[in-house]
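Subject: Structure handover

Hello,

Here is the structure I promised to pass on. Please open it alongside these notes.

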Amino acid sequence: MTKHIYWKGDSLYLLDQRELPFKKVYVRCNTLEDTRYAIKNMVIRGAPLIGIVAAYGFVLGIKEILKNKGFLNEKEIKRISKALLNTRPTAVNLLWAIKRMERAYDKYKEKQDIEASMLEEAVAIHVEDIENNRMISLFGAELIKDKDCILTHCNAGSLAMGGYGTALGVIKAAHESGKKIKVFATETRPYFQGARLTAWELYNEGIHVEVVPDNHVGILFHKKLIDKVIVGADRIALNGDTANKVGTFMIALCAKAHNIPFYVAAPVSTFDPEIESGNLIPIEERDGNEVKNFRGLPITLKKIKARYYSFDITDHRYISAFVTERGIIKRPFKRYIKMLFP
Ligand code: MRU
């Protein structure tokens with residue numbers, strides 16, 4: 001798998017996911033503003049990766065302040081946090097990573113070499129995410145049977161995380177254990193994370209994958225082609241309501257109607273103990289122009305309006321179970337999700 005995020009010298013390098021799978025272009029981030037741009041403009045995406053990039057962005061912000069002012073204070077730290085938070089509102093991993101970096105600052109603020117300690121914290125967030133994905137994948141692979149045909153939406157693979165993947169990690173681990181699996185990947189308009197990223201990742205692993213237009217979900221279930229659905233998540237409320245890429249809710253409804261299990265694979269950092277239900281999860285609304293154009297080519301008239309909610313909420317009633325690094329969470333969700341936050 002191509003390296004999609006690494007730190008070298010004093011910079012963060014990110015594989016530009018908007019160009020995949022056709023070109024491998026790296027974007028170099030030297031400043032807080034560079035990382036903000038990368039998150040906001042989809043150079044990178046996927047809830048856990050957004051958190052990891054924000055953690056490195058935090059380090060870049062600190063470096064800049066120390067270089068320009070020679071000292072750090074709480075006000076500057078708050079400014080860094082606010083700037084990063086103000087990029088994409090739905091993925092709670094962003095808030096989670098920023099809070100962790102703020103706690104690290106409190107711990108290391110008196111240290112001589114605070115930059116190095118903060119970088120170590122960002123690296124720890126990155127490495128732990130890969131380890132968590134491995135655990136999620138091992139637990140989740142138990143749910144998958146030989147010859148299962150799995151539907152997934154958007155991209156919850158290595159590219160959306162520090163590495164390996166959550167929903168795709170489960171599929172990869174099942175494949176590595178010798179199970180023969182087929183995957184349908186929805187194309188995921190308008191960014192095509194499914195067609196461009198998920199299909200590419202699975203194809204590279206030697207896993208049978210077929211891309212389907214987003215509007216094919218109903219017919220796939222009708223033809224009894226799906227045994228299981230597995231997706232990632234951007235934020236999970238205490239009652240289990242789940243924000244994920246827009247379109248997920250329709251898939252969950254279809255799965256329920258056809259009595260097919262619908263699984264959500266996500267690290268504990270994607271659960272939000274502050275939020276009781278999905279109604280309270282902020283949903284990112286992106287510029288309608290992202291729907292009206294494809295790679296610079298208009299697909300409707302300029303004067304016609306368009307709307308793009310980047311995520312939707314799947315009610316917990318339609319979710320069969322959550323797969324986390326601590327194990328599988330079954331009903332009653334609220335009781336078990338609360339136990340993640342003693
Ligand atoms: O807009 P994106 O590409 O950041 O959306 C990503 C998703 O919706 C993923 O399914 C989600 O982050 C869960 S897996 C990391």
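Both domain 1 (5-133) and domain 2 (135-338) supply at least three residues each to the shell around the ligand. Please keep in mind that this is a predicted model.

The ligand site

The ligand has 19 residues around it. Arg45, Arg88, Gln193, Asn244 and Lys245 are the closest. Sorted by class, the shell holds nine nonpolar, six polar and four charged residues.

Three contacts to ligand oxygen atoms are worth a look. For Lys245, an N or O atom of the side chain is 2.6 Å from a ligand oxygen. For Arg45, a side-chain N or O atom lies 2.8 Å from an oxygen of the ligand. At Ala47 the partner is a polar backbone atom, 2.9 Å from a ligand oxygen.

How much of the ligand is covered? On its own, the ligand has 400 Å² of accessible area, and the protein covers 99% of that. The space the ligand takes is the largest cavity. Helix H2 (47-69) and strand E9 (242-245) are the elements that give two or more residues to the shell.

Backbone points

Two cis peptide bonds should be checked in your viewer. One joins Arg189 and Pro190, with omega about 0 degrees. Pro190 sits in the loop between strand E5 (182-186) and helix H7 (193-204). Another joins Arg331 and Pro332, with omega about -5 degrees. Pro332 is in the loop between strand E17 (327-329) and helix H11 (333-338).

Lys147 has a positive phi, near 70 degrees, and is not a glycine. Its place is the loop between helix H5 (114-141) and strand E4 (149-152).

Best wishes

Terms used
Residues numbered from 1 in each chain as written. Predicted model: local features only at pLDDT ≥ 70, side-chain atom pairs only at ≥ 80, totals over all residues. Heavy atoms only, no water. Near = heavy atom within 4 Å. Polar contact = N/O pair within 3.5 Å; in protein donor to acceptor, adjacent residues only side chain to side chain. Areas by Shrake-Rupley, 256 points an atom, 1.4 Å probe, with all protein chains shown as cover. 1 Å grid on protein atoms, 1.4 Å probe; cavity = no way out; pocket = protein on both sides within 12 Å on 5 of 7 lines; lining within 4 Å. Sits in = over half its atoms within 2 Å of the grid points. Helix = DSSP H or I, 4+ residues; strand = E, 2+ residues; numbered from the N terminus. Nonpolar A, V, L, I, M, F, W, Y, C, P; charged D, E, K, R; others polar. Domains from an automatic or database assignment.
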